[in-house]
Amino acid sequence: MTTQFTFLDPVVWNAFVKPGEVIEARIIKVNGRYTESGYFDDHKAFCEAVQQANKKQHSGAYFTLQVIDPRLLGRSFNRIRQSDLTTSDRDVLYYRWLPIDIDPVRPAGISSSDTELSAAIALRDIVADYVVTEMGFSRPVKAMSGNGAHLLFRLPDLPANDENKKLIKDILTGLAKQFDNAAVKIDTSVFNPARIWKLYGTAARKGDDLPAGPYRESRPHRQSFIDDLGE
């Protein structure tokens, strides 16, 4: 059975958040209308707040992947509340991760089928092997986003400037040109520093939770998780 790590696990928190650092948790389209956001430097408070927020109707829960200005903690101190003031690119100090989001091709606004998800995970493992063997990166974090597959390659903390923004963008574009196919694509838009990322342990809820039928595959709402913490 695959081990499933989530942000409720201290080992996951410690992999993403060093002592003294802050992350934003963001819940989008709460009750179909507004955004909730909070800034955290405490794992216990983070878990409690996210679990409460996740009980509401929403379209997805996310976190800031890169290293952000710790002063943002003053916006919403270890709590989640309704807010339109969220992390922008100018609030990011460093890139710590090369993010790769591998998503099945399908109409917008629906969950992936099991067949589509399996295709994304298969391509994830091919891309991971290539980036490690051919580009010299360490073994990545591997995850399932709910509808697709994620890879996170650890970087030395790179300043979040235009030069490194272009570097990340060029890597993603190059990988997409090499590995995209008719069924699965690499998202080349996730290069900006303030990009939010799926909050592992929360569900992806695109469209309705569609059951299987005589002429269709199910398209379920799935809980995201990490299955390999990498090096």
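The side chain of E36 makes a polar contact of 2.7 Å with the side chain of K56. This is a predicted model. E36 is found in strand 2. Is E36 buried or exposed? E36 counts as buried, because its relative accessibility is 5% and the cut-off for buried is under 20%. Not counting neighbours within four places in sequence, E36 is in contact with ten residues listed here: A25, R26, I27, V30, A53, K56, I80, R81, Q82 and S83. By contrast, S113 sits 77 residues from E36 along the chain, and 29 Å separates their C-alpha atoms.

**The open sheet**

Strand 2 belongs to an open sheet of five strands. The order of the strands is 5-2-1-3-10, and the pairing is antiparallel. Which strands lie at the edges? They are strand 5 (81-82) and strand 10, and each of them pairs on one side only. Strand 10 is joined to strand 3 (residues 60-64) by three bridges. Across that pairing, T64 stands opposite I196 of strand 10. In a regular strand, side chains alternate between the two faces of the sheet.

**Helix 2**

Helix 2 covers residues 43-53. Its N-terminal end is capped by D42. There, a side-chain oxygen of D42 lies 3.3 Å from the backbone nitrogen of K44. Which residues of helix 2 are buried? They are H43, A45, F46, C47, A49, V50 and A53. An α-helix has 3.6 residues a turn, so residues three or four places apart point the same way. The cover over the buried residues of helix 2 includes helix 1 (10-16), strand 1 (23-30) and strand 2 (34-40). One of those buried residues, A53, is also a contact of E36.

**Strands 6, 7 and 8**

Strand 8 (residues 149-159) has two antiparallel partners to look at here. Eight bridges join strand 8 to strand 6. In that pairing, P99 stands opposite L152 of strand 8. Strand 7 (residues 141-144) pairs with strand 8 over four bridges. Here A143 faces H150, the residue opposite in strand 8. Strands 7 and 8 form a hairpin with four residues between the strands. Within this hairpin, G146 takes a positive phi near 115°.

**Loops**

Two asparagines also have a positive phi, although neither N31 nor N78 is a glycine. N31 lies in the loop between strand 1 and strand 2. N78 is found in the loop between strand 4 and strand 5. D69 lies in that loop between strand 4 (67-68) and strand 5 too. The table gives the two asparagines.

| Residue | Phi | Relative accessibility |
|---|---|---|
| N31 | about 55° | 40%, partly exposed |
| N78 | about 50° | 17%, buried |

N78 counts as buried because its relative accessibility is 17%, and buried means under 20%. N31 counts as partly exposed because its value is 40%, which falls between the cut-offs of 20% and 50%.

D69 is buried, with a relative accessible area of 13%. Its side chain and that of R71 are joined by a polar contact of 2.7 Å. Leaving out residues up to four places away in sequence, D69 touches D91 and L93.

**The largest pocket**

The largest pocket has a volume of about 370 Å³. Of the 20 residues that line it, the closest to the pocket centre are Y62, D101, S145, H150 and K206. H150 is the residue of strand 8 that stands opposite A143. Strand 6 (92-104), strand 9 (184-186) and strand 10 (196-198) each supply at least two residues of this lining. Which strand gives the most? Strand 10 does, with three residues. What kinds of residue make up the lining of the pocket? Six are nonpolar, five are polar and nine are charged.

**The cavity**

How many cavities of 30 Å³ or more does a search of the whole structure find? The search finds one. The largest cavity has a volume of about 80 Å³. It is lined by 13 residues, and the closest to its centre are F16, E21, I23, Q66 and V67. Strand 3, strand 4 and strand 6 each supply at least two lining residues. The lining of the cavity divides into nine nonpolar, two polar and two charged residues.

Conventions. Residues are numbered from 1 along each chain as its sequence is written. This is a predicted model: local features need pLDDT of at least 70, side-chain atom pairs count only at pLDDT 80 or more; totals for chains, interfaces and linings use all residues. Side-chain values use heavy atoms; hydrogens and water are left out. On a 1 Å grid over the protein atoms alone, a cavity is a set of points where a 1.4 Å probe fits but cannot get out, and a pocket is an open set with protein on both sides within 12 Å along at least five of seven lines; lining residues have an atom within 4 Å of a point. Grid points are joined across faces, edges and corners, and a volume is the space filled by probe spheres set on the points. Ala, Val, Leu, Ile, Met, Phe, Trp, Tyr, Cys and Pro count as nonpolar, Asp, Glu, Lys and Arg as charged, and the others, Gly among them, as polar. Two strands pair if DSSP finds at least two bridges between them. Buried means under 20% relative accessible area, exposed over 50%, partly exposed in between (1.4 Å probe, protein chains only). Contact means heavy atoms within 4.5 Å. A polar contact is a pair of N or O atoms within 3.5 Å; within protein, one must be able to donate a hydrogen and the other to accept it, and residues adjacent in sequence count only if both atoms are side-chain atoms.
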